[in-house]
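Let's take a walk through this structure, strand by strand and ring by ring. Have the viewer open and follow along.

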Amino acid sequence: MAKKLCVFMLKKLHMFLFIAALIVTSFCGESTACSSTDYNYQVFFQTERVDSDGSNYNPISDCVKKFCDLTSNVYGGRAAGETLEIKLLMKPSIYFEPGLKFSEQIKASVAASVETEIIDQYKRWKIHVCDSQEASAVYKKAGFTPGSPILLTPEAMKKLYAECGIYAVIDISFYSMTYTKNFQVNIKTPASDRRDLARTDKYEARIRYKITRCENSDILWIDEVTGLSDDSFYYSLFEKGIIYNLKQICINESAI
């Protein structure tokens, strides 16, 4: 009788801890980046998609990489062995939609990171993108007053091409960044040493890009690109048959 009562109480405790885990994770805010797969979990609840404050850069990085891969071949073919780099210019600043919840500090950090990543990604195809200092020098050479608004009219674009060797200008508009929380329970692994509960924050960043050729103002490419990222946190109720208080495990690599 005592043994049955003990088993019953353990089951009740297990259920109580499980419910407590749901309550605790439901009120958690955005997590820091920690990429992982969904492991052996069944998603049983998903929260409403909400705006992100931009502190997780992973989906933005994914978006930028996709953009560079998609557009590496829009600048025209080059002969085999040709080493001449195509020179590109980014517009002086990334436009952030008013509805974004990004702070000014986050906007500045995102803009700098996007610039750096586009420069690094395009190097793979011998495409040179001017950094901020180079861009300032180019605009000054083209006759723009430092610190004044830069209006890239067709005539100004032709001047950038003729006098500064700029092939095209990249225009970037950050449209949105959201995330949802997915709560999952392990239903496939009966081992006593396992992860019982998981929360995966699924992020989505949407950025709009336009590439305009300087020589004739033709639009070489224009589209919106979506970047994705999953940040997963796991919670264990039992370890080797021993109960402990919702130990949180943040997985930094894929668990298969």
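What follows is a tour of one strand pair, some aromatic rings and a polar contact.

Keep in mind that this is a predicted model. A good place to start is strand E7, which covers residues 197-213. Most of this strand is tucked away, with 12 of its 17 residues buried. Its partner is strand E6, residues 168-186, and the two run antiparallel, joined over 17 bridges. If you want one spot to look at along that pairing, go to Ser173 in E6, whose bridge partner in E7 is Arg208. While you're at Arg208, look at the ring of Tyr175: Arg208 lies over its face, 3.7 Å from the ring centre.

As you look along these strands, remember that in a regular strand the side chains alternate between the two faces of the sheet.

Now for the rings. How many aromatic pairs turn up in a search of the whole structure? The search finds 10. One of them is Phe67 with Tyr209, a stacked pair with 3.9 Å from centre to centre and 10° between the planes. The two residues come from distant parts of the chain: Phe67 belongs to helix H2 (residues 58-71) and Tyr209 to strand E7, 142 residues apart. Are these two rings buried or exposed? Phe67 has 0% relative accessibility, so it counts as buried. Tyr209 is buried too, because its relative accessible area is just 1%, under the 20% cut-off.

Another pair is Phe102 with Phe174, and here the geometry is edge-to-face because the planes sit at 70°, with the ring centres 5.2 Å apart. This pair also links distant parts of the chain, 72 residues apart: Phe102 is in the loop between strand E4 (95-96) and helix H3 (104-122), while Phe174 is in strand E6. Phe102 has a relative accessible area of 6%, so it is buried, and Phe174, at 1%, is buried as well.

Back to Phe67 and Tyr209 for a moment, since they have company. Together with Tyr75, Tyr122, Trp125, Tyr167 and Trp221, they form one aromatic cluster. Try selecting those seven side chains at once.

Last stop: Asn56, in the loop between strand E2 (50-51) and H2. Asn56 has 3% relative accessibility, so this polar residue counts as buried. What does its side chain contact? The side chain of Asp231, through a polar contact of 2.6 Å.

Note on methods: Residues are numbered from 1 along each chain as its sequence is written. This is a predicted model: local features need pLDDT of at least 70, side-chain atom pairs count only at pLDDT 80 or more; totals for chains, interfaces and linings use all residues. Side-chain values use heavy atoms; hydrogens and water are left out. Buried means under 20% relative accessible area, exposed over 50%, partly exposed in between (1.4 Å probe, protein chains only). Helices (H or I, at least four residues) and strands (E, at least two) are DSSP runs, numbered from the N terminus. Two strands pair if DSSP finds at least two bridges between them. Rings of Phe, Tyr and Trp (its six-membered ring) pair if their centres lie within 6.5 Å; planes under 30 degrees apart count as stacked, over 60 as edge-to-face and the rest as tilted. A charge sits over a ring if NZ of Lys or CZ of Arg is within 6 Å of the ring centre and within 35 degrees of the ring normal. A polar contact is a pair of N or O atoms within 3.5 Å; within protein, one must be able to donate a hydrogen and the other to accept it, and residues adjacent in sequence count only if both atoms are side-chain atoms.
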